[in-house]
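Visitor: I'm new to this, so please take one part and show it to me up close. I'd love to hear about patches.

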Amino acid sequence: MEPSSDTVMPVRRDLHFSLPQARLSDWHDAGVHVSHFFNAMSLFFPDGERFFIHAVRHYRDQIRDPQLQQAVTGFIGQEAMHGREHTECNEMLDRAGLPGTALQQFVYRLLERMKRRAPKAMQLSATIALEHLTAIMANALLSDARVVSQAEPHFARLWRWHALEETEHKAVAFDVWRAVMPKTLFSYLLRIWGLIVASAIFWPLVAIFHWRLLRADPVARRERGGYWKMIRWQFFTPGPLRRAAREWFDYFKPGFHPWDHDNRSQLQQLPPLLSELEGATAA
Ligand SMILES: [Fe+2]
Ligand SMILES: [Fe+2]
């Protein structure tokens with residue numbers, strides 16, 4: 001099977017973000033509850049992305065197309081860099097007296113169990129499902145400047161960079177799936193099952209992690225009406241989760257491909273972000 005003609009070639013970028021520890025709880029302009037929503041998501045990335053790498057690597061030898069092989073190399077490189085930078089962010093949670101490592105350990109144990117016990121096809125199905133979730137959330141972040149543009153610049157750059165690279169490689173694991181899985185009803189059902197199970201596990205865990213961070217943070221405990229402010233932000237203005245939810249359903253189409261959501265134009269945000277980062281490092 002050929003990779004999609006629309007495949008964008010992902011490039012590994014070794015970047016650092018120098019996040020300011022003092023702003024960990026209120027780096028987002030929408031307040032501590034939104035800041036910790038992003039911080040809670042960050043706890044999933046290092047082990048989650050290692051899991052994706054592991055799932056895709058297993059099938060690497062079966063890929064004949066050199067272009068897809070190259071895309072897999074880029075995908076692995078990008079996910080490894082994301083894991084490294086989010087680990088830094090997660091360690092900051094510990095330094096602030098919040099349960100970063102403890103929560104991350106939970107993700108680690110869950111995914112290690114899955115690596116040992118779940119069939120490889122199921123692991124790849126979970127990977128492409130979670131890549132769909134990250135792709136639609138990345139699109140929500142990139143398509144509306146209000147999502148992070150007013151946030152503390154170092155944190156904003158980290159999340160914009162991650163969203164851009166998730167967009168760049170959003171079809172890679174999916175194209176591996178198409179290359180190695182037979183075109184059968186079973187494959188389709190396995191793919192759909194992956195999204196349902198991954199969403200049913202991921203979102204409640206994000207909510208629990210978020211709550212654990214907020215409960216442990218004195219800044220959040222002092223905030224009145226923080227949950228309502230966050231819900232308004234997530235679902236109404238600017239409403240990134242509401243927009244992502246619409247795209248979630250497209251995955252159920254039998255012929256779905258990640259580039260059906262053609263948001264390649266968002267990648268034009270990459271060069272200015274890279275120059276901004278260069279400027280920040282030089283300063
Ligand atoms: Fe990533
Ligand atoms: Fe990814």
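Guide: A patch here is made of residues with over 30% relative accessible area and no salt bridge, joined within 5 Å for nonpolar side chains (Val, Leu, Ile, Met, Phe, Trp, Tyr) and within 9 Å for like charges. A salt bridge would be a side-chain nitrogen of Lys or Arg within 4 Å of a carboxyl oxygen of Asp or Glu. Accessible areas come from the Shrake-Rupley method with a 1.4 Å probe, and for residues only the protein chains shown count as cover.

Keep in mind that the model is predicted: local features need pLDDT of at least 70, side-chain atom pairs count only at pLDDT 80 or more, and totals for chains, interfaces and linings use all residues. Residues are numbered from 1 along each chain as its sequence is written, chains are lettered from A and ligands numbered from 1 in the order written, and side-chain values use heavy atoms, leaving out hydrogens and water.

Now the nonpolar patch itself: on the surface, Ile208, Trp211, Tyr227, Trp228, Ile231, Phe235 and Phe236 come together, sharing about 780 Å² of accessible area. Two elements, α8 (185–216) and α10 (226–235), each give two or more residues to it. Helices are DSSP runs (H or I, at least four residues), numbered from the N terminus. The largest share, four residues, belongs to α10.

Zoom in on Ile208, which sits in helix α8. Its relative accessible area is 44%, so Ile208 counts as partly exposed, the class between buried (under 20%) and exposed (over 50%), with a 1.4 Å probe and protein chains only.
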